[in-house]
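Welcome! Please take a look at the sequence and the 3D structure shown here, and keep them open as you read.

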Amino acid sequence: MKNLFLCSFLMVIVACTPRLENDTRLYLEATIMEPDGSRATDVEVVLSNYRIINRLFSRDNAKFSEPDRDFILGRAFTDDEGKIEMTALSATNSLFYLTIYRDDQPLQDYRINKKSFTNLELLIPEVPIKEELDVILVFQSSTGVNNDLDIQIVAESMDCPLLYENGTFQLPSSIESFECNPQFIGVPASENPQQAPVTTLAPSQMEVSIFNGTSTTTSTIQIDANTQTYVINY
């Protein structure tokens, strides 16, 4: 049993240790954008390959040593035009993480599919910094009669970094990432007005599906930082 435990422990260490590709360098060029659409100057951008372990009440790096020694593949600061040019190490992971920092505080995480690098180079025209925002969704019956509602919400969040793949940022599926499961909310007919609070990011898109007991209505709404209440008809 002792030998089995030791073997399992060593396998975990090996599995969590990044494997660098010898004599291989990646080149990343990008422009970082503020939430208001201006260019983000003097922010730090870090490319890493750390893995996240999700637990019920916490989230930890899957590593047994300092992240700065083992996970950082490259880092760069934006210039006066919000641009970065980064030469980075390459690792065997299929996904990398791009994190934006200001004053040592993380602002935004993104996933990058390694296949997005063509001939070891990747140009991302715009990488947006987004704001966390609490919004209210108000559900309005087109018949004037309220129904018990089952709501499914697919929205961006800080816990679910967007994936850059095929030239666009997109939400990973729940299969690809546990943190990206849709939210499910029940709203009783007796509630007046029928509404639900949601925490998301701005600017972004949110997909809302409403089941009223007989049919489902799906809407896509644009979330912006200046609007906190959204009315959705069903």
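This briefing goes through sheets, aromatic rings, a disulfide and a few single residues, topic by topic.

Please bear in mind that this is a predicted model. Among its features are two open sheets, one with the strand order S15-S10-S18 and the other with the order S6-S1-S9. The structure also holds 3 aromatic pairs and 1 disulfide.

**The sheet S15-S10-S18**

- This open sheet is built from 3 strands, and its pairing is mixed.
- Strand S15 (194–202) and strand S18 (229–233) take the edge places, and each has a single partner strand, so one side of each has no neighbour in the sheet.
- From one strand to the next, the twist averages 30 degrees.
- Strand S10, which covers residues 131–140, pairs with S15 in the antiparallel sense, over 9 bridges.
- To find a spot where these two strands meet, look for Val138, whose bridge partner in S15 is Gln195.

**The sheet S6-S1-S9**

- Here too there is an open sheet of 3 strands with mixed pairing.
- Its edges are strand S6 (83–91) and S9; each of them has a single partner strand, so one side of each is left without a neighbour in the sheet.
- The twist in this sheet averages 30 degrees from one strand to the next.
- Strand S1 (residues 20–33) and S6 run antiparallel and are joined by 8 bridges.
- One place to look is Thr31, which has Lys83 as its bridge partner in S6.
- As general background, the strands of a sheet pair through backbone hydrogen bonds, in either a parallel or an antiparallel way.

**Aromatic rings**

- There are 3 aromatic pairs in the structure.
- One pair is edge-to-face because the planes of the Phe96 and Phe117 rings stand at 75 degrees, with the ring centres 6.2 Å apart; the cut-off for edge-to-face is over 60 degrees.
- Phe96 belongs to strand S7 (residues 95–102), while Phe117 sits in the loop between strand S8 (105–113) and strand S9 (121–128), so the pair ties together parts that are 21 residues apart in sequence.
- Are these two rings' residues buried or exposed? Phe96 is buried, at a relative accessible area of 0%, and Phe117 is buried as well, at 10%.
- Elsewhere, one aromatic cluster is formed by Tyr110, Tyr164 and Phe169.

**The disulfide**

- Which residues does the disulfide join? The bond links Cys160 to Cys180, with an S to S distance of 1.9 Å.
- The torsion about the S-S bond of Cys160 and Cys180 is about 105 degrees, so this disulfide is right-handed.
- Cys160 is in the loop between strand S11 (149–155) and strand S12 (162–165), and Cys180 is in the loop between strand S13 (168–170) and strand S14 (183–187), so the pair ties together parts that are 20 residues apart in sequence.
- Cys160 and Cys180 are both buried.

**Two residues of strand S2**

- Ser48 is found in strand S2, which covers residues 44–48, and Glu44 has its place in strand S2 too.
- Ser48 counts as buried because its relative accessible area is 1%, and the limit for buried is under 20%.
- Setting aside neighbours within four places in sequence, Ser48 is in contact with Phe71, Ile72, Leu73, Phe96 and Tyr97.
- Glu44 is likewise buried, at 10% relative accessibility.
- The side chains of Glu44 and Arg75 are joined by a polar contact of 2.8 Å.
- Apart from its neighbours within four places in sequence, Glu44 has contacts that include Arg75, Ala76 and Phe77, and also Thr99, Ile100 and Tyr101.

**Gln152 in strand S11**

- Gln152 lies in strand S11 and is partly exposed, with a relative accessible area of 29%.
- How far apart in space are Gln152 and Phe211, C-alpha to C-alpha? The distance is 8.5 Å, although the two are 59 residues apart in sequence.
- Leaving out neighbours within four places in sequence, Gln152 touches Pro182, Gln183 and Phe184, along with Glu207, Val208 and Ser209, in the sense of being in contact with them.

Terms used. Residues numbered from 1 in each chain as written. Predicted model: local features only at pLDDT ≥ 70, side-chain atom pairs only at ≥ 80, totals over all residues. Heavy atoms only, no water. Phe/Tyr/Trp six-rings, centres within 6.5 Å; stacked < 30°, edge-to-face > 60°. Helix = DSSP H or I, 4+ residues; strand = E, 2+ residues; numbered from the N terminus. Buried < 20%, exposed > 50% of the residue type's maximum accessible area, 1.4 Å probe, protein only. Pairing = 2+ DSSP bridges. Axes fitted to C-alpha atoms, helices over the stretch in contact; angles between N-to-C directions. Contact = heavy atoms within 4.5 Å. Disulfide = S-S within 2.5 Å. Polar contact = N/O pair within 3.5 Å; in protein donor to acceptor, adjacent residues only side chain to side chain.
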